[in-house]
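Work through the exercises below with the structure open. Each task is followed by a stepwise solution.

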Amino acid sequence: MSTYFDALETRTQDAREAAQLQGLNAQLAKYGLGPLAGLSDLASLPVLRKSELSRRQAEQPPFGGLPVSNIAHVFQSPGPIYEPGGTSHDWWRMGRFLNACGIGPGDIVQNCFGYHLTPAGMIFENGARAVGATVLPAGTGQTELQVQAARHVKVTAYAGTPDYLKIILEKADEMGIALGITRAAVGGGALFPSLRAWYQDRGIACLQCYATADLGNIAYESPAMEGMILDEGVIVEIVTPGTGDPVAPGEVGELVVTTLNPDYPLIRFATGDLSAIMPGTSPCGRTNTRIKGWMGRADQTTKIKGMFVRPEQVAQLVARHEDIARARIIASREGEMDVMTVRIESEATDPARYEGSIVDILKLKGRVEMVPVGGLPRDGLVIEDIRTYD
């Protein structure tokens with residue numbers, strides 16, 4: 001097995017961006033849009049949020065009228081949201097991650113992602129085919145049978161959530177059975193350093209990916225374990241939550257992803273997750289941009305005084321006043337009462353000039369605190385809830 005999945009992983013950034021622009025314009029043509037002159041022009045297009053996709057799907061089932069083609073499966077995620085699936089080579093682009101895990105021909109992968117309605121099981125199975133591995137489609141549950149099957153078919157690798165492998169291994173210990181798993185490809189949950197170390201102590205190299213049912217693989221770890229490398233089949237932007245406006249390099253924001261899969265072209269799909277771009281490239285030799293991984297949820301909608309306050313409203317407040325650089329809502333309590341504080345980053349010094357807009361947009365009165373430009377943290381939060389209920 002070669003070190004890299006394909007030559008795309010080590011191409012120059014100029015070559016990558018030129019190919020991405022060509023692929024992007026092909027996707028836009030399916031919507032009757034474009035072409036764009038450069039990747040930065042993506043920011044001029046609207047963001048597609050899951051709530052909007054759900055509404056479209058309710059009106060035009062199952063895929064909301066999007067230009068979907070060449071599919072073999074339909075999956076359902078909570079919402080409900082329906083996702084298409086294909087069976088062509090590496091349709092969800094998971095092979096690149098499994099290759100980075102060292103999984104390939106001769107490996108037998110115990111795939112413990114779900115196969116019932118949800119796409120995760122098929123996503124990883126499709127990736128295993130792409131690297132020439134054999135799959136034991138185990139799903140979840142029946143841990144004792146999983147242990148027996150893993151021993152009988154001589155499983156060498158695991159795919160599933162980070163914690164379920166530990167359950168299998170502990171059951172195997174209880175049964176007095178030694179398993180031959182040496183690699184683990186995990187996703188769908190947090191891989192805590194202590195758990196990774198627990199696997200390492202048992203001789204298992206465990207790497208994680210960042211993927212969604214809608215988009216497939218977005219980013220993945222390599223053995224260098226320095227951030228997560230963006231997949232070659234997506235264009236990723238980091239934007240201020242509630243907007244489509246890109247943040248400065250290195251700042252935390254919401255991941256917005258455009259997929260270059262011609263069968264399911266999602267343009268500027270908001271994941272609802274926070275991350276940030278890392279400088280430089282991975283020591284493993286892969287040249288694509290890296291992100292810091294999952295850093296929280298971008299949907300910071302918070303109820304204050306019985307009213308929902310949303311990131312989109314904060315964005316509207318900033319857009320209404322040209323002198324506002326950023327704004328941040330702080331939800332706190334005094335006694336038994338909710339308090340809303342609006343911190344405004346601006347060169348202006350008079351908080352009264354914004355009070356009318358705050359009531360008009362947020363539907364609540366709140367304290368206004370002025371901070372100098374650069375005075376708000378660049379941590380991706382636009383609504384911060386510091387209330388405690390002890």
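**Exercise 1. Name the elements that each supply at least two residues of the lining of the second largest pocket.**

Solution. This is a predicted model.
- Step 1: α1, residues 13–30, is one such element.
- Step 2: β10, residues 234–239, is the other named element.
- Step 3: Weigh the shares. β10 gives the largest share of this lining, with 5 residues.

**Exercise 2. Describe the second largest pocket by volume, centre and residue class.**

Solution.
- Step 1: The volume of the second largest pocket is about 490 Å³.
- Step 2: The pocket is lined by 24 residues, and those closest to its centre are Ile235, Val236, Glu237, Ile277 and Thr289.
- Step 3: Sort the lining by class. It holds 13 nonpolar, 6 polar and 5 charged residues.

**Exercise 3. Is Ser332 buried or exposed? Place Ser332 in its strand and list its contacts.**

Solution.
- Step 1: Ser332 sits in strand β17, which covers residues 324–334.
- Step 2: Apply the cut-off. Buried means under 20% relative accessible area. Ser332 has 15% relative accessibility, so Ser332 counts as buried.
- Step 3: Set aside neighbours within four places in sequence. Ser332 then contacts Met337, Asp338, Val339, Ile386 and Arg387.

**Exercise 4. Which residues does UniProt list for "domain: AMP-dependent synthetase/ligase", and what is their helix and strand content?**

Solution.
- Step 1: The UniProt record, an unreviewed entry, lists residues 121–258.
- Step 2: Over residues 121–258 the chain is 30% helix and 29% strand.
- Step 3: Check the ends. The end C-alpha atoms of residues 121–258 lie 23 Å apart.

Key:
Residues are numbered from 1 along each chain as its sequence is written. This is a predicted model: local features need pLDDT of at least 70, side-chain atom pairs count only at pLDDT 80 or more; totals for chains, interfaces and linings use all residues. Side-chain values use heavy atoms; hydrogens and water are left out. Helices (H or I, at least four residues) and strands (E, at least two) are DSSP runs, numbered from the N terminus. Buried means under 20% relative accessible area, exposed over 50%, partly exposed in between (1.4 Å probe, protein chains only). Contact means heavy atoms within 4.5 Å. UniProt positions are given in the numbering used here, feature names are shortened, and annotations may be inferred rather than shown by experiment. On a 1 Å grid over the protein atoms alone, a cavity is a set of points where a 1.4 Å probe fits but cannot get out, and a pocket is an open set with protein on both sides within 12 Å along at least five of seven lines; lining residues have an atom within 4 Å of a point. Grid points are joined across faces, edges and corners, and a volume is the space filled by probe spheres set on the points. Ala, Val, Leu, Ile, Met, Phe, Trp, Tyr, Cys and Pro count as nonpolar, Asp, Glu, Lys and Arg as charged, and the others, Gly among them, as polar.
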